[in-house]
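Please open the model in your viewer and keep the sequence panel at hand. The tour proceeds by selection, one stop after another.

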Amino acid sequence: MISLTTIGIFLTLPVKLLWVAIKYPFVGGVNNKFKSDLASSLKLTIFRSALGFPIRDKGTLSVISNDTVINSVIRKQYPNLTSSLNNYGKRYDENSIWIVEAEGRAVTDPVIIFIHGGCFVFEACQEQIESLLSSYYLLEPRNREKVSILFIDYKLASKGCHVPQQLDQVVETYGRLVSEGNNNFITMGDSAGGNLAITFLQRLKTDESLCGFPVPRSTIMISPWTKLVPDSGDYEAPHSLHVNSMHDMMQARHYRQMFDTDEIDVMFGDNEYRSLTVSPGNCTYKTSDWEDIPTFHEPGYSTFVILGEDETMRDDILTWAKYALGSSLAPPLRGSNGVWDPEVHEYFRDEKDSAFVEVVMEPQGIHDAFFIFENGILGELEKGKKVSVEELDKVKYFGTIRVVEFLNRVLLESESKKTV
């Protein structure tokens, strides 16, 4: 049975959507990013409502599994694209599913390990798989033909699998890949998946049983959830959790619901969240905890982080990036009005004696916008339309462009090193 709270959310959602549509011709969309985009304003309203469900109800309502999304929904909607992907939808192990396994894959060929977001309580949504596939098909052909993508199908806290058991599943699948000789990995995660991408690197560093495992050569984090449980002061100005709540998909009320009530026990059980392998932002930051992670600091490795100027996690992500990556980005003193300023929105490190690092803050961007709101490209590709990253609208597909450009760079470098 679902709760009265969830029933109330379902009953009021049509009214909320109608109100957004009525207001749109007069005041525009629901936030800065979607001021001129009614469809995205309506979608954002739906996602906000779903995030308001109590945690157990989120599990009850997550009836469409990741396997179903990949093998039924996406396969049926995009038959031309999925039929050309080797081993699409095939299980690698209990914890993972191939999105594509490069034909004739060698153990030295790159494998992208994708860890989906969803607050640890939702399965992946259709949009996340669509955006992931779009990025794959937008890669330069020489990079695309060698790369594989493995989707981590972790269990949900909303169904009784307390955080951080999901990290154990990532480690288990990674260990199997390593045992087979694979040694060229890129981790990629959004929101909760971004958290797992970060904590996985800490686990590799601190878990003696994983000593000798190859470290991912690159990592891509989209709006990583670096601090799971807000402090009381985070709900007040000038923290982004307060000032951006009206703009973002993740709002202050969602955090309060998850962590200011007994729902926190549903999320963590008896597990301690104040740990670098669970929630780094709930620990005291020290540069020394991060400076010996090769993916962040050693030559030949690379890291990409993207976040939104108008997202509630902004300040937490920037604080983590300061200590972990040496990023100089700080919360903006004023709104950008959507205008890109590299001095304000980008940290870029490309030095011979260090890892390549990009931290990018999308002007007026919101949480996980790349995966949730930039999925429209795949329909064009399914119709056979030739789409290149250079032709994309630089505002509408801000995240897609930056992610694909980063991947093209690191995949080309990876292939060059193999041939030297």
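The stops below cover helices, buried polar side chains and backbone geometry in a predicted model.

**Stop 1: helix α2**

Select residues 38-51, which form helix α2. At 1.5 Å a residue, its 14 residues should span 20 Å, and the end C-alpha atoms are indeed 20 Å apart, so expectation and model agree. Next, display the residue just ahead of the helix: at the start of α2, a side-chain oxygen of D37 comes to within 3.3 Å of the backbone nitrogen of A39.

Colour the helix by accessibility. The buried residues of α2 are S40, S41, K43, L44, T45, F47, R48, S49 and L51. What covers them? The covering elements include α1 (4-27), α3 (55-61), α6 (126-138), α11 (252-259) and α16 (369-373).

**Stop 2: α2 against α1**

Add α1 to the selection and view the pair side on. The axes of α1 and α2 cross at roughly 155° and come within 10 Å; the two helices are therefore roughly antiparallel to each other. Their crossing is right-handed. On the α1 side, the contact is made by I9, L13, K16, L17, V20, A21 and Y24, and on the α2 side by L38, S41, L42, T45, I46 and S49. When reading such a list, recall that an α-helix has 3.6 residues a turn, so residues three or four places apart point the same way.

**Stop 3: α4 against α6**

Move to helix α4, residues 66-77, and show α6 with it. Here the axes come within 11 Å and cross at roughly 65°. α4 passes α6 in a right-handed crossing. Display the side chains at the interface: α4 supplies V69, I70, V73, I74 and Q77, while α6 supplies Q126, I129, E130 and L133.

**Stop 4: S158 in its loop**

Select S158, in the loop between β4 (148-152) and α8 (165-179). Is this serine buried or exposed? S158 counts as buried because its relative accessibility is 8%, below the 20% cut-off. A polar atom of the S158 side chain lies 2.7 Å from the backbone oxygen of V121. Expand the selection to the surroundings: apart from neighbours within four places in sequence, S158 is in contact with I55, R56, K58, G59, F120 and V121.

Remain in this loop and select P164, which also lies between β4 and α8. The peptide bond from V163 to P164 is cis, with omega near 15°.

**Stop 5: a second cis peptide bond**

Go next to P238, in the loop between β6 (218-222) and α10 (240-243). The bond to inspect is the one from A237 to P238, which is cis, with omega near 10°.

**Stop 6: H247**

Continue to H247, in the loop between α10 and α11. With a relative accessibility of 14%, H247 counts as buried. Which residues does H247 touch, not counting those up to four places away in sequence? They are N31, N32, L44, R48, D310 and I366. L44 and R48 are among the buried residues of α2 seen at the opening stop. For a sense of scale, draw a distance from H247 to T173: the C-alpha atoms are separated by 37 Å, and the residues are 74 apart along the chain.

**Stop 7: N408 in α18**

Select N408, which lies in helix α18, residues 398-419. N408 counts as buried because its relative accessibility is 9%. The N408 side chain makes a polar contact of 2.9 Å with the side chain of N143. Beyond its neighbours within four places in sequence, N408 is in contact with L138, L139, E140 and N143.

**Stop 8: positive phi**

Finish with two backbone torsions. Select N87, in the loop between α5 (79-83) and β1 (91-93). Its phi is near 65°, a positive value in a residue other than glycine. At 25% relative accessibility, N87 counts as partly exposed.

Then select Q364, in the loop between β9 (356-362) and α16. Q364 is not a glycine, yet has a positive phi of about 60°. At 17% relative accessibility, Q364 counts as buried.

Technical notes. Residues numbered from 1 in each chain as written. Predicted model: local features only at pLDDT ≥ 70, side-chain atom pairs only at ≥ 80, totals over all residues. Heavy atoms only, no water. Helix = DSSP H or I, 4+ residues; strand = E, 2+ residues; numbered from the N terminus. Buried < 20%, exposed > 50% of the residue type's maximum accessible area, 1.4 Å probe, protein only. Polar contact = N/O pair within 3.5 Å; in protein donor to acceptor, adjacent residues only side chain to side chain. Contact = heavy atoms within 4.5 Å. Expected span 1.5 Å × (residues − 1). Axes fitted to C-alpha atoms, helices over the stretch in contact; angles between N-to-C directions. Parallel < 35°, antiparallel > 145°, perpendicular 65-115°, else oblique. Left-handed = near helix turned anticlockwise from the far one by under 90°.
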